[in-house]
Amino acid sequence: MKKTAIGLILLMVLAAISVNAEENSKIKAEKMIGLCERAQAKLDYILDKIENNEAEELFREAGEELDKAKKLYNEEEYDGAIESCLEAMHKFRESAALIREEAGGKIKDMIEGQIERMESYISRIKEIAENEEIIALLDNAESHLEKARMYLENGEAIKAESEVRKAANILKNLREQWKSRYGEKIKQRLEKLNETAKKRIQFYEQALDKLREEGYDVQDLERDLNEIKNDLNNVNSLINEGKYKEALPKIRELYREMQEFQEKLRGIRNES
């Protein structure tokens, strides 16, 4: 009786161990299928944007193994599902490695291109730069680019990219400084041209008054002068809004119109 009871207890323990092992296998299979599905989704997104036949073939084979794992799981063959998941994950990893290798080459080429463009830009600016402060900033930017090249040669793309960004920020700040100085010079030039244009328009108005007194038909000239005045108002608006680059070609066009107007005035005088 006692032996029978012990035997039943042992059977129950063995059964419990078996059930627990089965449940653990099921949970493990579920988790591994989930991991494979996430890997599949990420790689699918990347492969949509690049062309790599070898990586795509490994990705296809991994997908087939994942489908096999899902089928085995549904048939409650959890150990088989786990084995298929391991095979699928291995192929996903190989596919990802190929993609990473290709992407790494492209990133290196991209960073090298950025360095070369910046070095060329710095070289051009140094040829015309006279300000010592500007030259010092350019030297600093070059120092970062040299570090970037060193990191790139050692395969440290992230550090190289960081140095390139530092150099780019220096050049950006330099361009902002130049833009501010250049803008001020344009503003001063525009204001001077604007004042000269106003004086010339006053002269044209006096000339038209005199022609009217002398009996000349000046309707066409009045219309032309009104257009010149409107254009001058537009230029003034752009200057007041700080749009100096837009104002500069407009005032050049205004001066061309005034030159044509002056020639018409001279033509009338010559006819008399």
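How many Å should the 22 residues of α6 span at 1.5 Å a residue, and how far apart are the end C-alpha atoms of α6? The expected span is 32 Å, and the end C-alpha atoms of α6 are 32 Å apart, which agrees; the expected span of a helix is 1.5 Å times one less than its number of residues. This is a predicted model, in which local features need pLDDT of at least 70 and side-chain atom pairs count only at pLDDT 80 or more, while totals for chains, interfaces and linings use all residues. Residues are numbered from 1 along each chain as its sequence is written, and side-chain values use heavy atoms, with hydrogens and water left out. The protein has seven helices and zero strands; helices (H or I, at least four residues) and strands (E, at least two) are DSSP runs, numbered from the N terminus.

**Confidence**

- The mean pLDDT of the protein is 80, with 85% of its residues at 70 or more; pLDDT is the predictor's confidence in each residue, from 0 to 100.
- Among the elements, helix α2 (residues 53-74) has the highest mean pLDDT, 90, and helix α1 (residues 2-47) the lowest, 65.
- Over residues 5-22 pLDDT stays under 50, and the model has one contact beyond four places in sequence for this stretch; contact means heavy atoms within 4.5 Å.
- Where pLDDT is low, the predicted coordinates should not be read in detail.

**Overall organisation**

- Of the 272 residues of the protein, 31% count as buried; buried means under 20% relative accessible area, exposed over 50%, and partly exposed in between (1.4 Å probe, protein chains only).
- Among contacts between residues at least 6 apart in sequence, 73% join residues at least 24 apart.

**Nonpolar cores**

- The largest nonpolar core has 26 residues, of which Leu190, Leu208, Leu221, Met258, Phe261 and Leu265 touch the most other members. A nonpolar core is a set of buried Ala, Val, Leu, Ile, Met, Phe, Trp, Tyr and Cys residues joined through side-chain atoms within 4.5 Å.
- Helices α5 (157-213), α6 (219-240) and α7 (244-271) are the elements that give two or more residues to this core, and α7 supplies the largest share, ten residues.
- Leu265 touches Tyr204, Ala207, Leu208, Leu211 and Leu221, residues up to four places away in sequence not being counted.
- Apart from this core lies another, of 25 residues, among them Ile33, Cys36, Met89 and Phe92.

**Aromatic pairs**

- The structure holds four aromatic pairs. Rings of Phe, Tyr and Trp (its six-membered ring) pair if their centres lie within 6.5 Å; planes under 30 degrees apart count as stacked, over 60 as edge-to-face and the rest as tilted.
- The ring centres of Tyr204 and Phe261 are 4.9 Å apart and the planes stand at 55°, so this pair is tilted.
- Tyr204 in helix α5 and Phe261 in helix α7 are 57 residues apart, and their pair links distant parts of the chain.
- Tyr204 is buried at 1% relative accessibility, and Phe261 is buried with a relative accessible area of 2%.
- Ring pairs join Phe203, Tyr204 and Phe261 into a cluster.

**Helix α6**

- The buried residues of α6 are Leu221, Leu225, Ile228, Leu232, Val235, Asn236, Leu238 and Ile239.
- Seen down the axis of α6, these buried residues fall within an arc of 160°, so they line one face of the helix; the arc is that of the directions from the helix axis to the C-beta atoms.
- Exposed residues Gln219 and Asn240 sit on the face of α6 turned away from its buried side.
- Gly242, which follows α6, has a positive phi near 80°.

**Helix α4 and its contact with α5**

- Helix α4 (residues 132-153) has buried residues that include Leu138, Ala141 and His144.
- The buried residues of α4 cover an arc of only 115° around the axis, which puts them on the same side of α4.
- The face of α4 turned away from its buried side carries the exposed residues Glu132, Glu146 and Glu153.
- Ile170 lies in helix α5 and counts as buried at 13% relative accessibility.
- Ile170 touches Leu137, Asn140, Ala141 and His144, not counting residues up to four places away in sequence.

**Backbone at Glu76**

- Glu76 lies in the loop between α2 and α3 (78-128) and has a positive phi of about 65° although it is not a glycine.
- Most residues other than glycine have a negative phi.
- Glu76 is exposed, with a relative accessible area of 54%.
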